Amino acid sequence: MKFVRMALLAACLTAAGCAPENRPVEPEPTTTVAPPFKLSSITHGQMCDAVLQFFGRELKVYEAGVYPLDNRDGTMEIGGHCPVRQGSIQIGYWQTRSDPSPDPTEGAKRFDKTLEVSGRTVFIDDERPDPTDTLSGVTLATRVGEFNSQLSIWQAYDGHKTRAEDGPLSISDSQLESAARFIVDVTSRLDAGTW
């Protein structure tokens, strides 16, 4: 009988949150760990469709397609990529990521020009003038909030000239400025998480 009473007392103390020494059991501390990256509710498909529309509307490139490297319906949890092709040839590339690094150029020294758009700096790697280069065009990079983005537009890629409505693509300064506004706009939307 004494054994049964001791067992009941132990069960009672355990249920009441007391340790055998009659001290309250300290609850385990709970912490909420913030995700290492900012999440966006924008889908890969929405982002890549915007890139394709830019190529058609602003650059007048025709017969282009975009190929998200991730699930079109998946959200931009940490970033995404959108290759743009004309036939089987890549003519452009978008990449974005939520990144703690404040440098959207990833330390590349070739981004030697800048434009200011809506209070944001857009870094530019301008390789348009070199006709001997097998890869000519521009790459833009910017950071908005916690997102870094880069957009590449190639006039020529390994002998293939990007076709626009009025002949081979030759990126004008006004188109370069449009691309700078576009990269800031889309990166701002990604950071805000709304389209």
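Here are some exercises on this predicted model, each with a worked solution.

## Exercise 1: An overview of the chain

Work out how many helices and strands the chain has, and in what pattern they follow one another.

**Solution.** Start with the totals: the secondary structure comes to three helices and 10 strands. Next, read along the sequence, which gives the pattern α-α-β-β-β-β-β-β-β-β-β-β-α. Two more numbers complete the overview. Of the 195 residues in the chain, 41% are buried. Among the contacts with a separation of 6 or more, 59% are between residues 24 or more positions apart.

## Exercise 2: The disulfide

Find the cysteines that form a disulfide, decide on its handedness, and say which parts of the chain it ties together.

**Solution.** Step one is the distance between sulfur atoms. Those of C48 and C82 are 1.8 Å apart, and a disulfide needs them within 2.5 Å. The count for the structure comes to one disulfide.

Step two is the torsion about the S-S bond of C48 and C82. The torsion is about -80 degrees, so this disulfide is left-handed.

Step three is to place the two cysteines. C48 belongs to helix α2 (residues 44-57) and C82 to strand β2 (residues 79-86), so the bond ties together parts that are 34 residues apart in sequence. Finally, are these cysteines buried or exposed? Both C48 and C82 are buried.

## Exercise 3: Two aromatic pairs

Classify the ring pairs F54 with F55 and W154 with Y157.

**Solution.** Begin with the general idea: a pair of aromatic rings is described by the distance of the centres and the angle of the planes. The whole structure has four aromatic pairs.

For F54 and F55, the ring centres are 6.2 Å apart and the planes meet at 85 degrees, so the pair is edge-to-face. The cut-off used here is an angle over 60 degrees. F54 has a relative accessibility of 1% and counts as buried, and F55, at 0%, counts as buried too.

For W154 and Y157, the centres are 5.2 Å apart and the planes are at 45 degrees, so this pair is tilted. W154 is buried, with a relative accessible area of 12%, whereas Y157 is partly exposed at 32%.

To finish, look for a cluster: F54, F55, W94 and F182 form one.

## Exercise 4: Two packed helices

Describe how α2 and α3 pack, and name residues that make the contact.

**Solution.** Two packed helices are described by the angle between their axes and the distance between the axes. Helix α3 covers residues 173-192, and its axis lies 11 Å from that of α2, at an angle of about 165 degrees. An angle over 145 degrees counts as roughly antiparallel, and α2 and α3 are therefore roughly antiparallel to each other. Their crossing is right-handed.

Now list the residues in the contact. From α2 come M47, A50, V51 and F54, while α3 brings Q175, S178, A179, F182, V186 and L190. Notice two names from the previous exercise: F54 and F182 are also members of the aromatic cluster.

## Exercise 5: Residues in loops

Locate L59, K60, I78 and E106, and collect what can be said about each.

**Solution.** Take L59 to begin with. L59 sits in the loop between α2 and β1 and, at 1% relative accessibility, counts as buried. Leaving out residues up to four places away in sequence, L59 touches F54, I153, A164, L169 and Q175. The C-alpha atoms of L59 and A179 are 9.1 Å apart, although 120 residues separate them along the chain.

K60 is in the loop between α2 and β1 (64-66). K60 is partly exposed, with a relative accessible area of 38%. What is its phi? K60 has a positive phi of about 60 degrees, although K60 is not a glycine.

E106 also has a positive phi of about 60 degrees without being a glycine. E106 is found in the loop between β3 (89-98) and β4 (113-117).

Last comes I78, in the loop between β1 and β2. I78 is partly exposed, with a relative accessible area of 46%. The C-alpha atoms of I78 and S98 are separated by 5.1 Å, with their positions 20 residues apart along the chain.

Notes: Residues are numbered from 1 along each chain as its sequence is written. This is a predicted model: local features need pLDDT of at least 70, side-chain atom pairs count only at pLDDT 80 or more; totals for chains, interfaces and linings use all residues. Side-chain values use heavy atoms; hydrogens and water are left out. Helices (H or I, at least four residues) and strands (E, at least two) are DSSP runs, numbered from the N terminus. Buried means under 20% relative accessible area, exposed over 50%, partly exposed in between (1.4 Å probe, protein chains only). Rings of Phe, Tyr and Trp (its six-membered ring) pair if their centres lie within 6.5 Å; planes under 30 degrees apart count as stacked, over 60 as edge-to-face and the rest as tilted. Axes are lines fitted to C-alpha atoms, for helices over the stretch in contact, and angles run from 0 to 180 degrees between N-to-C directions. Angles under 35 degrees count as roughly parallel, over 145 as roughly antiparallel, 65 to 115 as roughly perpendicular and the rest as oblique. A crossing is left-handed if the near helix is turned anticlockwise from the far one by less than a right angle, and right-handed if clockwise. Contact means heavy atoms within 4.5 Å.
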